[in-house]
Amino acid sequence: MDPKCPSRVVFQRVGDKWASLVVQVLADGPVRFSELRKHVHVITPKVLTQTLRALERDGLITRTVFAQVPPRVDYQLTDLGVSLLGPLTVLREWAESNVAGILGAREAYDDARDGALAG
């Protein structure tokens, strides 16, 4: 829990709204920017670019530029990125198993809060 703990850097990246989705899309091999956008949905090109740069900087993905017209760029997981797939899979499975309970708790909380504000 120490603010200086190096694990915070990793949790910040993995906990990023888009990073874990991009890593999971890249699980099956190299993907082009446009394909990443299609798979991740609703992400803007600017935010996807920022996410990809951060993942590349952290050594989780590589960016390969092919000298052709038009230019082609592929993104692919590094060995370090591949090693993240296991923990992300476990977290995704937990989320899928528990989403109903979480949404139910939210609804109960909001109903109780709305009732308290109305009364």
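This briefing introduces the core of the structure, one of its buried residues and a patch on its surface. The model is predicted, so local features need pLDDT of at least 70 and side-chain atom pairs count only at pLDDT 80 or more, while totals for chains, interfaces and linings use all residues. Residues are numbered from 1 along each chain as its sequence is written, and side-chain values use heavy atoms, leaving out hydrogens and water.

**The nonpolar core**
- The largest nonpolar core (buried Ala, Val, Leu, Ile, Met, Phe, Trp, Tyr and Cys residues joined through side-chain atoms within 4.5 Å) has 21 residues, and V22, L26 and L36 touch the most other members.
- Two or more residues each come from α2 (19–25), α3 (33–40), α4 (45–57), β3 (72–77) and α5 (79–118); helices here are DSSP runs of H or I with at least four residues, and strands are runs of E with at least two, numbered from the N terminus.
- The biggest share, 4 residues, is given by α2.
- Beyond its neighbours within four places in sequence, V22 is in contact (heavy atoms within 4.5 Å) with L36, V40, L48, T51, L52 and L55.

**A closer look at T51**
- T51 belongs to helix α4 and is buried (under 20% relative accessible area, 1.4 Å probe, protein chains only; exposed is over 50%, partly exposed in between), at 6%.
- A polar atom of the T51 side chain lies 2.9 Å from the backbone oxygen of V47.
- Leaving aside neighbours within four places in sequence, T51 is in contact with D16, W18, A19, V22 and I43.

**On the surface**
- I102 lies in helix α5 and is partly exposed, with a relative accessible area of 36%.

How values were computed: Polar contact = N/O pair within 3.5 Å; in protein donor to acceptor, adjacent residues only side chain to side chain.
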